[in-house]
Structures are given as C-alpha cells and as structure tokens.
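Student: I would like to learn how to read a model like this one, feature by feature. Could we go through it together?

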Amino acid sequence: MARYDVVIIGGAIVGSSIAYYLREEGFSGSIALVERDPQFSHSATTLSCASIRQQFSIPENIRLSQFTLALFRRLEEEFGAGSDIGFREKGYLILAGENGLPILKQNHAIQEAEGADIVFEGPAALQKRFAWLSTDGIAAGAFGRTGEGWFDAHAMLMLFRKALRSRNVDFITAEVTAIDRDGNRATDVLLANGERLEAGMVVNAAGPNAGRVAALAGLSLPVEPRKRSVFVFEARDRFDDMPLLVDPSGVYVRPEGAMYITGGAESEDGEAAADPADFEPDWALFEEVIWPTLATRIPAFEAIKPGRAWAGHYDFNTLDQNAVIGPHPEVENFLFANGFSGHGLQQAPAVGKALAELIVHGGYRSVDCSAFGYGRVAEGRAFRELNVI
Ligand SMILES: Cc1cc2nc3c(=O)[nH]c(=O)nc-3n(C[C@H](O)[C@H](O)[C@H](O)COP(=O)(O)OP(=O)(O)OC[C@H]3O[C@@H](n4cnc5c(N)ncnc54)[C@H](O)[C@@H]3O)c2cc1C
C-alpha cells in the first residue's frame, strides 16, 4: 500500500493549486493528486466562463480575487517566460433596477474600501460610456475599470499542472470510492481500481462532487452540483468595449473571441441538485428568458445567431453560496476547499496558497481564510455572498 503525507482528491484548478503552493511553501512530504477525469471533460474548471471580478459583497471574497489578479499580472515571473492565459481586462458591468439599488450601492462601498477600481454610475453616464446599452429600467450600474475580465481556464489549469511535473507530485488517475477513518482521523483513501492510499492528510478538492466525497469520510458538507448552461451566439455588431454585463434579471453576456457567450437565467428558488451525469444545456432558458432579456438590454442583439451551448455544474454551497476552506473541526486531518458556488476558478490560486500556508506554517499568511472555516457549517451560520453570478 502506498503512503502519502497529503492525498488531494480532485486534480482540477483547486487541487492543482493546493499541490503547487504546498511545494512553493516548502512542503517536503509526499503528495498524491487523485483525479478520475484526466481530460477534465466534466470538471467545473474547464466548463466555466473563466471570468474574474472584484465585485463581491464581502471583503474576504474581494481579497481572494485580488490575490489571483496579482498572480495574473506576473504570470511569467511565476510560471516562466511565455506563460499566458489570454487575460482580457474588460471589466464587469453589474446593473441594478430600483429594487437592487441599495445592495449595489452597499457592495460598491465595500469594494472601494478594499481598493477595487469600480465606478458607480447612473443611467445617463452608463449610456454615454456604452452606446449600445439600453438603460431602460436601470437605476445604476457598477463597472470595473481595471482588475476584472476573462481568461482561458484551460490554459490556467495547464500552467499549474505543468509546474507540478517538476515538483515531485504523484498524479494518480482513479476515482476515490471510499475514505476510511479511525475515530477522528482519516486514514486511507480507497480507489475504484482496488488500490488503497494511506494518507497523513486528505484534502477535498472535488468541486461539485465535494459533498459526496465528504460523505465518503462520514462528514456532512452542504455542497451539491447545480447545472448551469452557457450559450454561444454570433451578432452582426462587434462591441469592443463590452464588459461582462450582468442584467438585473441575472442574465449575463460577454464577448468570447469573435462570438458572445451568455447564461445566468437559472432560478435558485427551490432548485434541486443536478443529476451528476446531466450536462445537457437547457435550451428553453435561452429561448424563453435569455434571448428576450438580451434583446431588451442590448437592442442590437435582437438579431443574433444562436450557436452551440454547453452545461457545467456549479459547486453550490446551499448554506451561503460561499467557499468552505480549512480543516474539519473534529476530523482535523480532513481539509475542505469546496463550495465556491460559481466563483471558484478565480479564487483557486488564493485558496491554494492559503491552505498550503495553513498546512505548512499552521496559519494563514497571505489571505486570511478563517471566515470561510467549516465551523459555520457545523453551526448552520451563513456567511453569505450576495453577488452570485
Ligand atoms: C457554467 C459555469 C461557469 C462558471 N464561471 C465561473 C467564472 O466565470 N469565474 C469563476 O471564478 N468561476 C466560475 N465557475 C465556477 C468554477 O468553475 C468552479 O468553482 C471551480 O472550477 C472549482 O474548481 P475545482 O477544482 O474545485 O472543481 P472542478 O473543476 O470540478 O474539479 C474537481 C475535480 O475533482 C474530480 N473528482 C470529483 N470527485 C472525484 C472522486 N471521487 N475521485 C477522483 N476525482 C474526483 C473531478 O473529476 C474534477 O476534475 C463556473 C462554473 C460553471 C459550471
């Protein structure tokens, strides 16, 4: 039986980032990174919209994004010459009607206090800034002048995975099917191929499957897969100044190369967990909600040509749509990095660094993630992020 000091379950962006920063922080023990889907064809990482923003409602989430943004600005220094993830720093534009105005204002004040470069504007100023926008029903908008935009998720994942090859990390292709415990210690990770890994520490980086992986160790985690569809379309007009626009309805749209992508029409009210095998885009959402919304908000999008679509699963934390980071209070050698609820790609580098610091130095140094600890789950105390896109 192989023995590892750390067994990380899930080798996409969160698991890879944790392994990477463990080595960067000087961890010299053995590390196994266990991944069942080495092409990442169903991971949230590669099915995401790959966008980064500063426009969160709580300072802790802004700080996680700021860490990642700083990494984006020195990619070559971190990962070597030629490292590129195609970061397009075009901003987010989050719009609010009268109902959403107080929250947009409150969020903006928090973002400003954190040093985020977000401008808050009324309809006239927005109309002047973005000629293609209809401000009908809009009370105000918050626009990220810098520090927000989108990038290539696969390229980002590959930077971390490639860096791990020279850092003595064992990549194991297998599904974890059981986790043994001896009282308050996780002891072994069992694989579908019958192998057993003895583990000094187990890290759950299983994305939308994290609730199930926690359950394998007899632990409860309120994270479940929620299906999110993304639609690609063509339009005659190119709006080079277009940020990632979020309509008050929740529908978002942004350029993607010569095309556009859109989504965000799912309602969370009474929404059930997705079937883990269901990756079928919900076309009715596009026809009935998204397209009409786009045509109202951006009149030039009345005449668009729908293209392909895909669906992925959010790693949805049903308690408060926020990450759960750090050890289980009783089973202390079982650590969580889960529940990002649609903003985990941009948080992964920061969370990897934070967890590595916790493991190696016994405490957070770069970004304090204590507020994301499991304690709140045990107490049923929500630490809510309001801006879930
Ligand atoms: C449509 C969509 C749009 C999104 N847009 C954004 C965005 O714009 N910005 C942003 O920051 N975030 C976004 N997200 C969220 C983001 O993609 C996730 O939060 C993030 O990728 C989570 O990374 P992860 O590594 O934890 O999970 P994943 O990428 O899902 O990786 C988990 C890995 O664990 C593996 N695994 C699971 N169970 C087991 C097991 N039992 N044994 C072995 N391996 C296992 C899986 O195969 C998977 O590869 C979006 C998500 C979706 C679905």
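**Reading the model step by step**

Tutor: Gladly! Let us begin with a single residue: His 108 sits in helix H5, which covers residues 101-113. Please keep in mind throughout that this is a predicted model.

Student: Is His 108 buried or exposed?

Tutor: The cut-off for buried is under 20% relative accessible area. His 108 has 10% relative accessibility, so it counts as buried. Leaving out residues up to four places away in sequence, His 108 touches Ile 118, Val 119 and Phe 120.

Student: Now the whole chain, please. How many helices and strands are there in the protein chain?

Tutor: The protein chain has eleven helices and 18 strands.

Student: And how do I read the radius of gyration of the protein chain?

Tutor: Set it against the value for a compact globule of 389 residues, which would be near 21 Å; the protein chain has 21 Å, so the two agree. The C-alpha trace spans about 65 × 45 × 40 Å along its principal axes. As for burial, 59% of the 389 residues count as buried.

Student: What do the contacts and the surface add?

Tutor: Among contacts with a separation of 6 or more, 74% are between residues 24 or more positions apart. The accessible surface is about 15,500 Å², and carbon and sulfur atoms hold 47% of that. For charge, compare the mean positions: those of the 35 positive and 52 negative charges lie 3 Å apart.

Student: Which residues is Pro 225 in contact with, leaving aside its neighbours within four places in sequence?

Tutor: They are Pro 208, Ala 273, Ala 274, His 313 and Tyr 314. Pro 225 belongs to strand E12, residues 223-235, and it is buried, with a relative accessible area of 9%. Ala 273 is 48 residues away along the chain, yet the C-alpha atoms of Pro 225 and Ala 273 are separated by 5.6 Å.

Student: Let us turn to strands. Why is strand E14 said to be largely enclosed by the rest of the structure?

Tutor: Start with a general idea: in a regular strand, side chains alternate between the two faces of the sheet. In the case of E14 (residues 252-256), four of its five residues are buried, so the strand is largely enclosed by the rest of the structure.

Student: How many bridges join strand E13 to E14?

Tutor: Two bridges join E13 (residues 244-246) to E14, and the strands run antiparallel. Val 246 has Tyr 252 of E14 as its bridge partner. Five residues lie between the strands of this hairpin, where Gly 250 takes a positive phi near 100°.

Student: And what about the pairing of E14 with E15?

Tutor: E14 and E15 (residues 259-263) are also paired in the antiparallel sense, over five bridges. Here Val 253 has Thr 262 of E15 as its bridge partner. Two residues separate the strands of this hairpin, and Gly 257 in the turn has a positive phi of about 60°.

Student: Where should I look for a positive phi in a residue other than glycine?

Tutor: Try Asn 168, with phi near 55°. Asn 168 lies in the loop between helix H7 (153-165) and strand E8 (170-173), and at 59% relative accessibility it counts as exposed. Phe 40 also has a positive phi, about 60°, although it is not a glycine. Its loop runs between strand E2 (31-35) and helix H2 (44-47), but Phe 40 counts as buried at 2% relative accessibility.

Notes. Residues numbered from 1 in each chain as written. Predicted model: local features only at pLDDT ≥ 70, side-chain atom pairs only at ≥ 80, totals over all residues. Heavy atoms only, no water. Rg over C-alpha atoms; globule rule 2.2 N^0.38 Å. Buried < 20%, exposed > 50% of the residue type's maximum accessible area, 1.4 Å probe, protein only. Contact = heavy atoms within 4.5 Å. Areas by Shrake-Rupley, 256 points an atom, 1.4 Å probe, with all protein chains shown as cover. Lys, Arg positive; Asp, Glu negative; His and termini not counted. Charge placed at Lys NZ, Arg CZ, Asp CG, Glu CD. Pairing = 2+ DSSP bridges.
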